[in-house]
Amino acid sequence: MKRPLIAVFGSSTLRRTDPEYAIAHQLGRRLAEAGADLMTGGYGGAMEACSQGCHEAGGHVVGVTVEMFEARGGPNRWIKERVHTPDIYERLRHLVNRADGFIAVPGSVGTLAEVFMTWTMLSVGGRRPAPFVLLGD
């Protein structure tokens, strides 16, 4: 049976010392323990924390990277499957269309774009129905 693939959106600027980093790590771990795999934007912060937690618990980690962010540094080391996209639009399209469910943790502009696109596509029937959870304030 196929494991569900859950997309997690969140801040790329979280540091290991931030309380939200620990929450994202625990989220990744719990998803894997529940039998799910993980898909994130593939870089640092919440994406890295969640990826590490998922990997440590035996889950498969997909990172959807984008050319325009490569100058900031490569993908996090917990990624086991990398999907590299040419632009931010294709990255969003891949994240929204491939996932079986979504969780957004606190973030910034990028997270807002992911939440908006996901919510829009779910609301207008632009993709199959899926769970969508906003975690945090």
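**Exercises on a predicted model**

Cys54 has 0% relative accessibility and therefore counts as buried. The structure is a predicted model.

**Exercise 1.** Determine how many disulfides the whole structure contains, and explain why Cys50 is not bonded to Cys54.

*Solution.* Step 1: the criterion for a disulfide is a pair of cysteine sulfur atoms within 2.5 Å. Step 2: for Cys50, the closest cysteine sulfur is that of Cys54, at 7.0 Å, which is too far for a bond. Step 3: in turn, Cys54 has the sulfur of Cys50 as its nearest, 7.0 Å away, and takes part in no disulfide. Step 4: searching the whole structure yields zero disulfides. Step 5: as to accessibility, Cys50 is at 0% and so counts as buried.

**Exercise 2.** Establish where Asp37 lies, whether it is buried or exposed, and which side chain it joins in a polar contact.

*Solution.* Step 1: strand β2, residues 37-40, contains Asp37. Step 2: buried means under 20% relative accessible area; Asp37, at 11% relative accessibility, therefore counts as buried. Step 3: the side chain of Asp37 makes a polar contact of 2.9 Å with that of Arg3. Step 4: leaving aside residues up to four places away in sequence, Asp37 touches Arg3, Pro4, Leu5 and Ile6, together with Gly59 and His60.

**Exercise 3.** Identify the residues that form a nonpolar surface patch with Leu135, and classify the accessibility of Leu135.

*Solution.* Step 1: Leu135 is located in the segment after β6 (132-134). Step 2: its relative accessibility is 34%, so Leu135 counts as partly exposed. Step 3: the patch consists of Ile23, Val133 and Leu135, which together have about 230 Å² of accessible area.

Definitions and conventions. Residues are numbered from 1 along each chain as its sequence is written. This is a predicted model: local features need pLDDT of at least 70, side-chain atom pairs count only at pLDDT 80 or more; totals for chains, interfaces and linings use all residues. Side-chain values use heavy atoms; hydrogens and water are left out. Buried means under 20% relative accessible area, exposed over 50%, partly exposed in between (1.4 Å probe, protein chains only). Helices (H or I, at least four residues) and strands (E, at least two) are DSSP runs, numbered from the N terminus. A polar contact is a pair of N or O atoms within 3.5 Å; within protein, one must be able to donate a hydrogen and the other to accept it, and residues adjacent in sequence count only if both atoms are side-chain atoms. Contact means heavy atoms within 4.5 Å. Patches are made of residues with over 30% relative accessible area and no salt bridge: like charges are joined within 9 Å, nonpolar side chains (Val, Leu, Ile, Met, Phe, Trp, Tyr) within 5 Å. Accessible areas come from the Shrake-Rupley method with a 1.4 Å probe; for residues, only the protein chains shown count as cover. A salt bridge is a side-chain nitrogen of Lys or Arg within 4 Å of a carboxyl oxygen of Asp or Glu.
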